[in-house]
There are 2 protein chains.
Amino acid sequence: MSARSSALETLRAAGRRITPERDLLVRIIDRNPHLDATEIYRLARKTRPRIGLATVYRTLNLLKELGVVRASELGEAHRHYEVRGDEHVHLVCSECGRVVDVPAPKRLRAQAEARGFQVERYRLELIGRCADCAARCEES
Amino acid sequence: MSARSSALETLRAAGRRITPERDLLVRIIDRNPHLDATEIYRLARKTRPRIGLATVYRTLNLLKELGVVRASELGEAHRHYEVRGDEHVHLVCSECGRVVDVPAPKRLRAQAEARGFQVERYRLELIGRCADCAARCEES
DNA sequence: ATGGCTGCAAACACTTTGCATCGGC
DNA sequence: GCCGATGCAAAGTGTTTGCAGCCAT
């Protein structure tokens, strides 16, 4: 099942309406991970010029509540959204801003829970230089 | 050497002035980890009522540039500041908001660097219930 | 047809900036 | 005394909210 149809299904199950705006936004987030609200808005307007920024924010918050997307603040910047799948770690390049995902280590959760802390979710971002940018910095 | 005097030393070394405002703000951040700008401002006004919020922000940014403090967005919220010491993980309680620090595992860095990613710094927050809140939820 | 959803604009919260004054060096 | 730092207020961002009309159900 695609992330898109699963998201729409979740909406339906929660008794919320499926509107063209919501469908469009889900598709955009699904296809482009790590966009912020303004970027999502910009993309959405290409398809649906009359969509409002408020709708983007309202939809993002709704999807977040329903657990369809997750928000994270990549390297000091604004809030970025992505469909929730497996837990993973963000590698954020401080040079080009590119974001690479790597699967998350299981040990973290275990360590925290050994201290009596019940982990619900986590946010992990490593900020630094991606391989490309590191190489470019070497040569110059 | 205390975090405070070390911070002031860093200011001096960078050729920046040591003002009563800066000294006060460093002391506040040092004594109370995980405060946001407004909370720091509120505390600062108790001692120095005429201090401006802009000074708080300017000082926080300066200290961040100098590497004296680090900023992180705890559990969706605003930006929080703390003096930079050892790398560590934040355990953020979703119930009471309490933040517990635990030392950071070294493996993370190694894993990322195995992929050619040069880690400069990272942000890691586990959100969930602290031991106390978990216990309280059990009994009720 | 009814209530949720949208677009628009105004309100909000947080952060930065312009400028005259002040004070660390 | 010089120049950086401050306080105040105004401007900038990013996000939320009030409201009249619209449309999915």
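Let's take the order of elements in chain A. From the N terminus, the run is α-α-β-α-α-β-β-β-β-α-β-α. That comes to 6 helices and 6 strands. Keep in mind that this is a predicted model.

Now, how is chain A packed? The chain has 140 residues, and 41% of them are buried. Next, contacts. Take pairs of residues at least 6 apart in sequence: 47% of those contacts join residues at least 24 apart. Then the outside. Chain A exposes about 7,800 Å². Carbon and sulfur atoms supply 46% of that area.

On to the DNA. Which residues come nearest to DNA strand D? There are 22 residues around the strand, and the nearest are A:Tyr57, B:Arg17, B:Gly52, B:Thr55 and B:Arg58. On the DNA side, look at the atoms within 4 Å of the protein: sugar and phosphate account for 69% of them.

Here are some individual contacts. Start with phosphate oxygens of strand D. One is 3.3 Å from a side-chain N or O atom of B:Arg16. One is 3.4 Å from a polar backbone atom of B:Ile51. B:Glu21 has a side-chain N or O atom 3.5 Å from a sugar or linking oxygen of the strand.

Which elements give two or more residues to this surface? In chain A, that is α4 (53-65). In chain B, the elements are α2 (20-31) and α4 (53-65). The most comes from α4 of chain A, with 5 residues.

Last, the residue classes near strand D. The surface has 9 charged, 8 nonpolar and 5 polar residues.

Conventions:
Residues are numbered from 1 along each chain as its sequence is written. Chains are lettered from A and ligands numbered from 1 in the order in which they are written. This is a predicted model: local features need pLDDT of at least 70, side-chain atom pairs count only at pLDDT 80 or more; totals for chains, interfaces and linings use all residues. Side-chain values use heavy atoms; hydrogens and water are left out. A residue is near a molecule or strand if one of its heavy atoms lies within 4 Å of it. A polar contact is a pair of N or O atoms within 3.5 Å; within protein, one must be able to donate a hydrogen and the other to accept it, and residues adjacent in sequence count only if both atoms are side-chain atoms. Helices (H or I, at least four residues) and strands (E, at least two) are DSSP runs, numbered from the N terminus. Ala, Val, Leu, Ile, Met, Phe, Trp, Tyr, Cys and Pro count as nonpolar, Asp, Glu, Lys and Arg as charged, and the others, Gly among them, as polar. Buried means under 20% relative accessible area, exposed over 50%, partly exposed in between (1.4 Å probe, protein chains only). Contact means heavy atoms within 4.5 Å. Accessible areas come from the Shrake-Rupley method with a 1.4 Å probe; for residues, only the protein chains shown count as cover.
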